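Reader: I've got this one open on my screen and would like a quick walk through it. Can you take my questions one by one?

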Amino acid sequence: MKINDRLRQIGDLVEANSFCLDVGCDHAFLDIYLVKKNKNIKTIASDIAEGPLEQAKQNIKREQLENEIEVKLGPGLKTATKEVDTIIISGMGGRNIIGICKESPKVLKQVKTLIISPNNYQEDVKRYLCKNGFYIENEEFVKEKKFIYQIIIFKKGKKKYSKEDYFFGPIFRIKKGPLFREYFLKELKTREILIEILPKNYRLKKRQLSKEIQMIKNEIED
Ligand SMILES: C[S@@+](CC[C@H](N)C(=O)[O-])C[C@H]1O[C@@H](n2cnc3c(N)ncnc32)[C@H](O)[C@@H]1O
């Protein structure tokens with residue numbers, strides 16, 4: 001079974017002996033990888049849609065892991081059982097992820113770790129979860145083809161973050177490195193283009209964009 005670098009890196013961040021809920025498992029490649037690691041990881045592969053779950057079931061059967069991986073149809077965290085201590089949500093938009101978390105505050109209370117890899121609105125996800133009982137323990141970048149993805153590990157607890165911490169990621173700011181530079185240079189370019197093409201009456205938006213451009217320049221040169 002083939003697994004891409006992004007999912008492998010997510011899988012490698014899961015602690016031994018965890019009981020995971022993989023929300024939006026799609027093909028269940030991640031779940032199969034997790035149980036084959038022999039780190040006593042248990043997982044529920046869940047998805048809101050029947051099509052992906054059928055694919056997941058076939059893949060799990062092919063690997064003869066039907067007794068190891070539970071497959072559940074349902075939205076967001078509604079498929080969690082009381083044993084779940086780790087939630088994984090990857091490959092979805094940040095706004096969808098926030099919506100999923102908002103729907104199930106009790107499940108969020110019961111778990112100790114969230115492994116989240118949003119496709120966008122990463123800053124909003126960090127702000128929401130850090131205002132709702134979690135802090136950021138680790139952040140990793142992974143490059144898959146042309147795209148660079150963020151993987152964020154949240155743990156229960158409270159920490160204070162600045163505007164820059166939320167924007168760049170508090171752990172990314174410490175680690176920096178080539179992917180950090182590449183990621184935020186792209187963010188810088190996007191903002192420069194946006195400022196050029198936005199009509200003149202978007203003054204507030206333009207001002208915000210130029211502040212962010214300056215913030216990125218400062219951080220990258222730091
Ligand atoms: C692009 S796939 C990502 C698959 C995998 N997690 C990954 O990172 O490659 C997104 C999956 O999330 C599922 N999904 C979207 N919204 C969901 C929700 N609210 N609850 C559960 N699954 C959801 C979709 O049906 C789809 O299978």
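Reader: By class, how many nonpolar, polar and charged residues does the shell around the ligand have?
Author: This is a predicted model, where local features need pLDDT of at least 70, side-chain atom pairs count only at pLDDT 80 or more, and totals for chains, interfaces and linings use all residues. Residues are numbered from 1 along each chain as its sequence is written. Ala, Val, Leu, Ile, Met, Phe, Trp, Tyr, Cys and Pro count as nonpolar, Asp, Glu, Lys and Arg as charged, and the others, Gly among them, as polar. On that basis, the shell has 9 nonpolar, 5 polar and 2 charged residues.

Reader: Which element gives the most to that shell?
Author: A residue is near the ligand if its C-beta atom, placed from the backbone, lies within 6 Å of it. Of the 16 residues there, G24, D26, I48, S90 and G91 come nearest. Two elements, β4 (86–92) and α4 (94–103), each give two or more residues, with helices (H or I, at least four residues) and strands (E, at least two) being DSSP runs numbered from the N terminus. The top contributor, with 3 residues, is β4.

Reader: How far apart do the C-alpha centres of domain 1 and domain 2 lie?
Author: The bounds come from an automatic or database domain assignment. Domain 1 covers 5–160 and domain 2 covers 180–221. Their C-alpha centres are separated by 31 Å.

Reader: Which residues does A28 touch?
Author: Contact here means C-beta atoms, placed from the backbone, within 7 Å. Leaving out residues up to four places away in sequence, A28 touches A45, A56, N59, I60 and I69.

Technical notes
Contact = placed C-beta atoms within 7 Å.
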